[in-house]
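The following exercises are to be worked through with the sequence and the three-dimensional structure at hand. Each task is followed by a solution in steps.

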Amino acid sequence: MLDRVKAIQTKLVEYWNRFTSKQKTLIITITAAVIFTLVALIVLLNRTKYVELVTFDNTSDAASADQVLTDAGIEHQVSGNGLTFTVDEKSESAARLALGENNIATNADDDWDKLFNNSMSTTDSERQLKQRIVKQNDIGKELEQIEGVKQASVQITIPDNTNSLLSADKEASASVLLMTTKDFQESNVEGIANYVATSLGNSTTDNIRIIDQTGSLLFGGDGDMKSAAGTSSAAIKIANQVTDNLEDRVRSLMISSGVYNDAEVTANLDIDLDEQQIVDEHHYTDDTEDDTGPKTSYYYYNATNTDGVSGIPGTDSNDGQTQDYEILNGTTGNSDANVIKEEYHDSVTTTNTTKTIGTVNKDNSTIAVVLSKYVIYDEAQMKKSGQLKGTNFETFQEQNSDRKAIQLDDQTTALIEKATGFPTNNIEVQAYEVPIFYPQETTAAEVATNYLQFVLAILIVALLCFVVFKGMKPVEVTELEPELSVEALLATTKENQSLEDIEFSDKSATRQQIERFVDENPEEVALLLRNWLNDDWD
């Protein structure tokens with residue numbers, strides 16, 4: 001088998017050697033051109049055709065779109081400014097759906113026409129997905145028109161009404177993420193929730209949830225979730241506001257004193273977040289003499305009894321009087337009863353006191369303050385004053401980079417005590433000297449000088465290396481060939497033949513010998529010509 005291969009190779013080489021150099025060059029050129037043309041056609045026919053997908057106004061939205069397309073596995077390209085996206089035309093529809101599902105809308109008017117260009121092959125689920133994407137983007141854009149809302153992201157969940165008749169009564173739910181600014185007012189949250197519910201066709205806001213960029217629940221829907229989560233969120237915000245306000249006041253006070261440059265304040269406050277209502281009734285009268293108010297009712301009762309001698313008991317006549325069997329002590333007695341009841345109205349003052357949420361219990365609250373006093377080390381000034389004598393700025397910075405504790409005066413603690421109302425034992429203050437180093441700025445001339453010195457050093461080293469290399473290289477000895485005279489050349493050529501008469505005819509034997517000599521000894525002829533020329537110049 002190996003011999004057969006060698007035989008084929010030999011035949012191919014023999015066949016190839018039959019061509020001249022020009023033919024070989026022509027064959028190689030034509031073959032290379034054909035191969036290049038085929039490769040170019042294959043690349044052009046199979047290359048990915050990219051179309052513009054979207055151009056964003058800012059890099060923040062562009063970064064979000066890049067992450068969405070990457071997670072979806074859609075190949076895309078980004079322009080040099082990072083704002084324009086291009087995708088394979090085969091993946092354009094999938095890319096638009098992915099961006100729309102993540103609430104990232106494109107900026108061209110015809111994008112939605114391309115996205116919702118339904119055909120006979122479009123399924124009902126795809127149509128519902130497209131409708132949901134449109135609704136999400138529309139609500140998000142409208143919420144961004146509200147003052148204090150920088151960006152709004154809406155996710156809608158629409159119940160499936162195809163499997164059961166009972167599911168037709170279910171309402172859609174929406175989750176809203178608001179990127180708010182300091183101008184946003186939380187009193188507008190309920191209005192936003194009602195707007196979203198109405199846009200979805202819901203009769204209530206039970207299925208609406210709204211949060212901000214910090215993860216705080218702004219609206220939890222109606223019912224128990226709203227009362228529990230909403231109240232808890234409000235209480236936490238009140239506590240944070242009270243704490244931040246106290247810390248900011250103390251920090252501003254310490255810096256404004258002019259002694260310290262910075263202050264870190266951390267307060268641990270006992271804040272009462274329970275709402276309380278106290279009712280106090282106070283009764284009094286304006287009558288200074290009798291200490292009574294005006295009379296409202298009067299009741300009087302009087303009873304009198306008189307005892308006498310009794311008649312004969314029985315059925316005898318007793319002069320029309322009925323006798324009883326009461327046994328008396330033999331004497332006559334009287335009974336008298338008087339009852340007087342009087343009611344007066346006094347004055348009543350009722351005080352309803354509602355305890356404010358966020359009241360700080362100062363006895364159980366603590367505060368810690370760390371004060372910093374900057375010590376500036378300027379390299380230029382230190383060089384002028386001689387502080388860097390015997391050292392350099394880098395070494396000095398390493399040796400003095402740690403902060404140092406300083407002694408506090410009683411006035412600092414007294415200021416914090418007056419500002420917060422906390423007891424002295426609940427206040428902890430520490431102060432430090434913090435070094436700040438400012439290296440000397442290098443001017444453009446100094447930078448250029450430094451670079452020039454570096455370049456000169458490189459050139460000097462390169463020159464030294466060149467000199468050393470040339471010095472170590474061995475000397476090449478060239479042997480000079482001896483000059484040949486005309487007589488010697490003619491003698492060698494003639495080989496003992498003498499020419500008495502030289503005829504300069506075209507076909508003379510002498511000319512033939514000279515031509516043969518030139519063809520056979522070109523180097524010697526060149527040397528001969530050089531000798532002739534040298535003789536002429538001399």
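A residue is called buried under 20% relative accessible area, exposed over 50%, and partly exposed in between (1.4 Å probe, protein chains only). The model is predicted, so local features need pLDDT of at least 70 and side-chain atom pairs count only at pLDDT 80 or more, while totals for chains, interfaces and linings use all residues. Residues are numbered from 1 along each chain as its sequence is written, and side-chain values use heavy atoms, with hydrogens and water left out.

**Exercise 1.** Determine whether arginine 96 and glutamate 92 are buried or exposed, and how far apart their closest N and O atoms are.

Step 1. Helices (H or I, at least four residues) and strands (E, at least two) are DSSP runs, numbered from the N terminus. Both residues belong to helix H4 (residues 92-101), where they are 4 residues apart, about one turn of the helix.

Step 2. A salt bridge requires a side-chain nitrogen of Lys or Arg within 4 Å of a carboxyl oxygen of Asp or Glu. Arginine 96 and glutamate 92 form one, with 2.7 Å between the closest N and O atoms.

Step 3. Arginine 96 and glutamate 92 are both buried.

**Exercise 2.** State how many salt bridges the rule yields, and describe the one formed by lysine 383.

Step 1. The count comes to 3 salt bridges.

Step 2. Lysine 383 pairs with glutamate 379, their closest N and O atoms being 3.4 Å apart.

Step 3. About one helical turn separates the two, because they are 4 residues apart in helix H9 (residues 379-385).

Step 4. Lysine 383 is partly exposed, since its relative accessible area is 47%; glutamate 379 counts as buried because its relative accessibility is 10%.

**Exercise 3.** Identify which helix gives the largest share of the largest nonpolar core.

Step 1. A nonpolar core is a set of buried Ala, Val, Leu, Ile, Met, Phe, Trp, Tyr and Cys residues joined through side-chain atoms within 4.5 Å. The largest has 21 residues, and Leu143 and Leu178 are among those with the most contacts inside it.

Step 2. Elements supplying at least two residues each to this core include helix H6 (124-143), strand E4 (149-157) and helix H7 (189-200).

Step 3. H7 contributes the largest share, 6 residues.

**Exercise 4.** Find the sense in which strand E15 pairs with strand E8.

Step 1. Two strands pair if DSSP finds at least two bridges between them.

Step 2. E8 (residues 262-268) and E15 (residues 366-378) are joined by 7 bridges in the antiparallel sense.

Step 3. Within this pairing, aspartate 262 stands opposite serine 372 in E15.
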